[in-house]
Amino acid sequence: MMNDISPYFKWNPIDAEIGKKLLEYEATPQAVTCFAEVCEQLTDYAYWFFLSTIWVSYSGQSDLQLWKKLFSSDRTKRKKSIMKPSEVKAFETLPYEILAYRAHREGETDWISYTLDWKTAVRFAQERGVNEIIEYRLRKKDVLALFLRRGEQELLMLDPRRSTSVRRINLREETA
């Protein structure tokens, strides 16, 4: 959608050049490493836009601590730059307390991503070879972003200790 562009977008030659370089690593775990090496040169808008785009384009395992550091930046204009206007609008309609799901990888102790969509959680459980999904309660004020890209409803929250486990859902029992 061509009109789903942040009001903060302003073409910048340095941002454009760095964007081309980042495209070489699109959908790879190297994209975040490359971003970390060049991000200081970016405008605030480009920083948030490229970071969210890199996150959304690669959902595999990569350096979670690096992601947390980058998403924790104190750069300005985060909300309206990290999310598309349609995502900001959807985020603003979320309730104060949000129920979300996570299909954890085996042995996982740290994470930043949740989904609002049950079917997405089930798909991730199948991909990860696990039989359990945990339902969490998140406070909207602790949620960094809502991404509707990839056909998902993904929430980012940098500190999992701020979430409350509501229930464990055994998929074998759910489908039996």
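Helices, of at least four residues, and strands, of at least two, are DSSP runs numbered from the N terminus. The model described here is predicted. This briefing covers the packing of helices H1 and H3 and the two largest pockets, of about 440 Å³ and about 190 Å³.

**Packing of H1 and H3**

- Helix H1 spans residues 13-23 and helix H3 spans residues 44-57; the two pack at an angle of about 15°, with their axes 11 Å apart.
- Angles under 35 degrees count as roughly parallel, and H1 and H3 are therefore roughly parallel to each other.
- The crossing of these two helices is right-handed.
- On the H1 side, Asp15, Gly19 and Leu22 take part in the contact, where they meet Ala46, Phe50 and Ile54 of H3.
- By class, the residues of this contact comprise four nonpolar, one polar and one charged.

**Largest pocket**

- The largest pocket holds about 440 Å³ of space.
- It is lined by 26 residues, of which Trp55, Arg102, Arg105, Ser113 and Arg128 are the closest to its centre.
- At least two lining residues come from each of helix H4 (64-71), strand S1 (97-102), strand S2 (113-115) and helix H7 (118-128).
- The lining consists of eleven nonpolar, six polar and nine charged residues.

**Second largest pocket**

- The volume of the second largest pocket is about 190 Å³.
- Its lining residues include Gly19, Leu22, Phe50 and Ile54, which also belong to the contact of H1 with H3.
- H1 and H3 each contribute at least two residues to this lining, and H3 gives the largest share, five residues.
- Five nonpolar, three polar and two charged residues make up the lining of this pocket.

Key: Residues are numbered from 1 along each chain as its sequence is written. This is a predicted model: local features need pLDDT of at least 70, side-chain atom pairs count only at pLDDT 80 or more; totals for chains, interfaces and linings use all residues. Side-chain values use heavy atoms; hydrogens and water are left out. Axes are lines fitted to C-alpha atoms, for helices over the stretch in contact, and angles run from 0 to 180 degrees between N-to-C directions. Angles under 35 degrees count as roughly parallel, over 145 as roughly antiparallel, 65 to 115 as roughly perpendicular and the rest as oblique. A crossing is left-handed if the near helix is turned anticlockwise from the far one by less than a right angle, and right-handed if clockwise. Contact means heavy atoms within 4.5 Å. Ala, Val, Leu, Ile, Met, Phe, Trp, Tyr, Cys and Pro count as nonpolar, Asp, Glu, Lys and Arg as charged, and the others, Gly among them, as polar. On a 1 Å grid over the protein atoms alone, a cavity is a set of points where a 1.4 Å probe fits but cannot get out, and a pocket is an open set with protein on both sides within 12 Å along at least five of seven lines; lining residues have an atom within 4 Å of a point. Grid points are joined across faces, edges and corners, and a volume is the space filled by probe spheres set on the points.
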